[in-house]
Amino acid sequence: MAQALNEKQADLLRFLTRQADPVPTDDLDGRIIRALKLRECIVERNGHVTVTEEGRAALEDKPQRRRRGRRPNVEKTAGHARAQAIRRAIAALERALPSEAEVAVGNIFAYADDVVDGFRKYARKLETRGKE
């Protein structure tokens with residue numbers, strides 16, 4: 001794969017891989033779908049998308065991050081550490097929870113995929129908090 005996936009592309013691709021049936025494109029972000037089709041991670045047929053083997057492989061590939069010579073800002077480090085801890089917990093949850101499972105969040109039930117996506121958005125928010 002020539003280009004790494006960004007967070008939103010990886011999130012959608014992860015969601016699509018957990019689905020048993022092809023997913024209609026009506027409810028999906030067209031920009032992300034186009035980017036994934038260009039990378040040959042998904043195939044669109046009759047208004048539905050399915051993940052290809054290249055797409056599954058793209059999720060398994062972890063690109064190496066480049067190190068820079070400067071010291072990180074202390075404020076950003078705390079947010080990044082929390083975000084990394086959340087991402088490790090997300091990975092454990094994805095391995096433990098079956099697809100389409102429901103979990104109790106407070107006094108309501110929610111799909112596990114939605115709960116995991118919420119945690120993922122929160123981790124992204126923590127990482128970008130210092131950049132604004």
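The points below concern three residues of a predicted model, namely aspartate 113, glutamate 40 and asparagine 46.

1. Aspartate 113 belongs to helix H5, which runs over residues 112–128, and its relative accessible area of 11% places this residue among the buried ones, because buried is taken here as under 20%.

2. The side chain of aspartate 113 is joined to that of arginine 18 by a polar contact of 3.0 Å. When residues up to four places away in sequence are left out of the count, the residues that aspartate 113 touches are Phe15, Arg18, Gln19 and Glu100, so that arginine 18 appears both as a polar partner and in this list of contacts, where contact means heavy atoms within 4.5 Å.

3. Glutamate 40 sits in the loop that links helix H2 (30–38) to strand S2 (42–45), and its phi is near 60 degrees, a positive value in a residue that is not glycine. With a relative accessible area of 52%, glutamate 40 is exposed, because the exposed class begins over 50%.

4. Asparagine 46 is placed in the loop between S2 and strand S3 (48–51), and here too phi is positive in a residue other than glycine, with a value near 50 degrees. Asparagine 46 is exposed, its relative accessible area being 78%.

5. In reading the backbone, a colleague may wish to look at both loops that adjoin S2: the loop from H2 to S2 holds glutamate 40, and the loop from S2 to S3 holds asparagine 46. Aspartate 113, by contrast, is buried and lies in a helix.

How values were computed:
Residues numbered from 1 in each chain as written. Predicted model: local features only at pLDDT ≥ 70, side-chain atom pairs only at ≥ 80, totals over all residues. Heavy atoms only, no water. Helix = DSSP H or I, 4+ residues; strand = E, 2+ residues; numbered from the N terminus. Buried < 20%, exposed > 50% of the residue type's maximum accessible area, 1.4 Å probe, protein only. Polar contact = N/O pair within 3.5 Å; in protein donor to acceptor, adjacent residues only side chain to side chain.
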